[in-house]
Amino acid sequence: SVIDVPASVTVIGQEAFAYNAIASVTFASNTQLHTIGDQAFMSTGLKEITVPAGVTSLGYGAFACCDYLTSIEIAEGNTVYHDINGVVYTLDNTKIHMYPAGREESVYTIEAAARSISPWGFAGASNLGYAVLPEGMTEIGEYGFYLCGASGYTLPSTLIELEQYSFAKNYNLNYIQIPDNVLQIGRYAFAECWNLYSINFSATSKLPRISYGAFAYSGINYFT
């Protein structure tokens with residue numbers, strides 16, 4: 001189906017169109033829209049989307065797990081977000097906000113200025129083969145890489161927080177090296193990573209504890 005959002009609409013609420021067979025969304029040229037809520041279009045059939053320039057609040061996971069979505073464009077003139085080849089960042093590039101789940105990429109290298117990944121940032125990116133996170137990044141938000149197809153990640157030495165469910169259901173992941181400066185591995189962070197056989201911490205790791213269920217239902221047989 002096709003959704004035409006009238007010019008008078010200012011807010012699209014949380015999960016407003018989630019889990020529907022929506023193929024296209026268009027906005028009026030004089031749209032007054034300023035807010036798209038969390039998971040507003042999550043798990044829909046969208047193939048492309050252009051977020052209007054006036055949207056200054058783009059909710060977490062607004063387009064997460066859209067299997068056919070290969071590009072998320074931000075209209076020119078937006079004062080908060082922009083896209084780099086269809087991947088959404090904050091205007092200063094310090095946060096990667098949304099990676100389109102349907103994008104096919106063997107390796108994706110996050111911009112060097114990025115310091116965090118928004119919740120649901122890469123969620124559902126089943127065609128992502130590998131991700132490189134830059135030095136200087138400190139946080140991966142909850143569900144950041146949930147349901148991704150990556151076989152591996154390069155995690156920076158500066159990383160401090162892995163929020164809950166951040167890598168859950170990464171079925172192709174088989175090894176992970178946890179950087180020394182990580183102080184938090186959230187609940188179910190690597191849950192249901194069935195092929196995750198090996199997790200390594202160095203002798204100088206600063207991690208004080210591991211949260212409940214962090215590696216639940218994973219395939220671990222080697223843990224150091």
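Start by selecting Ala131 in this predicted model. Ala131 sits in strand E13, residues 130-132. Buried or exposed? Ala131 is buried, with a relative accessible area of 0%. Show its surroundings and you'll find that Ala131 touches Tyr108, Phe145, Gly152, Tyr153 and Thr154, leaving aside residues up to four places away in sequence. Phe145 is 14 residues from Ala131 along the chain, and their C-alpha atoms are separated by 9.8 Å.

**The sheet around E13**

Now color E11, E13 and E15. These 3 strands form an open sheet in the order E11-E13-E15, with parallel pairing. The edge strands are E11 (108-109) and E15 (152-154), and each pairs on one side only. Zoom in between E11 and E13: 2 bridges join these parallel strands. Pick Thr109 and look across to E13, where Val132 stands opposite.

**The nonpolar cores**

Next, select Ile110, Phe122, Phe145, Tyr153, Ile185 and Phe190. In the largest nonpolar core, which has 37 residues, these are the members that touch the most other members. E9, E17 (175-178) and E19 (198-201) each supply at least two residues of this core. Apart from it lies another core, of 24 residues, including Phe41, Ile49, Ala62 and Tyr81.

Go back to Phe190 and show its contacts. Beyond residues up to four places away in sequence, Phe190 touches Leu162, Phe167, Ala168, Leu173, Ile176, Ile178, Ile185, Leu196, Ala214, Phe215, Ala216 and Ser218.

**The seven-strand sheet**

Color E8, E9, E10, E12, E14, E16 and E18 next. What order do these 7 strands take? They form an open sheet in the order E8-E9-E10-E12-E14-E16-E18, and the pairing is mixed. Strands E8 (81-84) and E18 (184-185) stand at the edges with a single partner strand each, so one side of each has no neighbour in the sheet.

Within that sheet, try E14 (residues 139-140) and E16 (residues 161-162), which pair in the parallel sense over 2 bridges. Click Glu139 and then Glu161, its bridge partner in E16.

Then move to E9 (residues 87-90) and select Thr90, which lies in this strand. Why does Thr90 count as buried? Its relative accessibility is 15%, and the cut-off for buried is under 20%. Apart from residues up to four places away in sequence, Thr90 touches Val80, Tyr81, His82 and Lys95.

**Strand E3 and the largest pocket**

Now show the side chains of E3 (residues 24-27). Which ones point to the buried face, and which to the other? Val25 and Phe27 point to one face and are buried, while Ser24 and Thr26 point to the other and are not. That fits the usual picture: in a regular strand, side chains alternate between the two faces of the sheet. Add E1 (residues 2-5), which runs parallel to E3 and is joined to it by 4 bridges. Asp4 is the residue to click here, as it stands opposite Thr26 in E3.

Keep E3 on screen and add the lining of the largest pocket: Val25, Thr26, Phe27, Ala28, Thr31, Glu48, Ile49, Thr50, Pro52, Ser71 and Glu73. This pocket has a volume of about 150 Å³. Two elements, E3 and E5 (49-51), give two or more residues to the lining. The largest share, 3 residues, comes from E3. Color the lining by class and you should get 5 nonpolar, 4 polar and 2 charged residues.

**Gln39 and the cavity**

Jump to Gln39, in the loop between E4 (35-36) and E5. Gln39 counts as buried because its relative accessibility is 9%. Not counting residues up to four places away in sequence, Gln39 touches Gln14, Glu15, Ala18, Tyr60, Gly61, Ala62 and Trp120.

For the last stop, select Gly61, Ala62, Phe63, Ala64, Cys65, Ile72, Met98, Tyr99, Ala101, Trp120, Gly121 and Ala123, which line the largest cavity. How many cavities of 30 Å³ or more are there? The count is 1. The volume of the largest cavity is about 50 Å³. Color this lining by class too: the residues divide into 10 nonpolar and 2 polar, with no charged ones.

Note on methods
Residues numbered from 1 in each chain as written. Predicted model: local features only at pLDDT ≥ 70, side-chain atom pairs only at ≥ 80, totals over all residues. Heavy atoms only, no water. Buried < 20%, exposed > 50% of the residue type's maximum accessible area, 1.4 Å probe, protein only. Contact = heavy atoms within 4.5 Å. Pairing = 2+ DSSP bridges. Core = buried A, V, L, I, M, F, W, Y, C linked by side-chain atoms within 4.5 Å. 1 Å grid on protein atoms, 1.4 Å probe; cavity = no way out; pocket = protein on both sides within 12 Å on 5 of 7 lines; lining within 4 Å. Points joined across faces, edges and corners; volume = space filled by probe spheres on them. Nonpolar A, V, L, I, M, F, W, Y, C, P; charged D, E, K, R; others polar.
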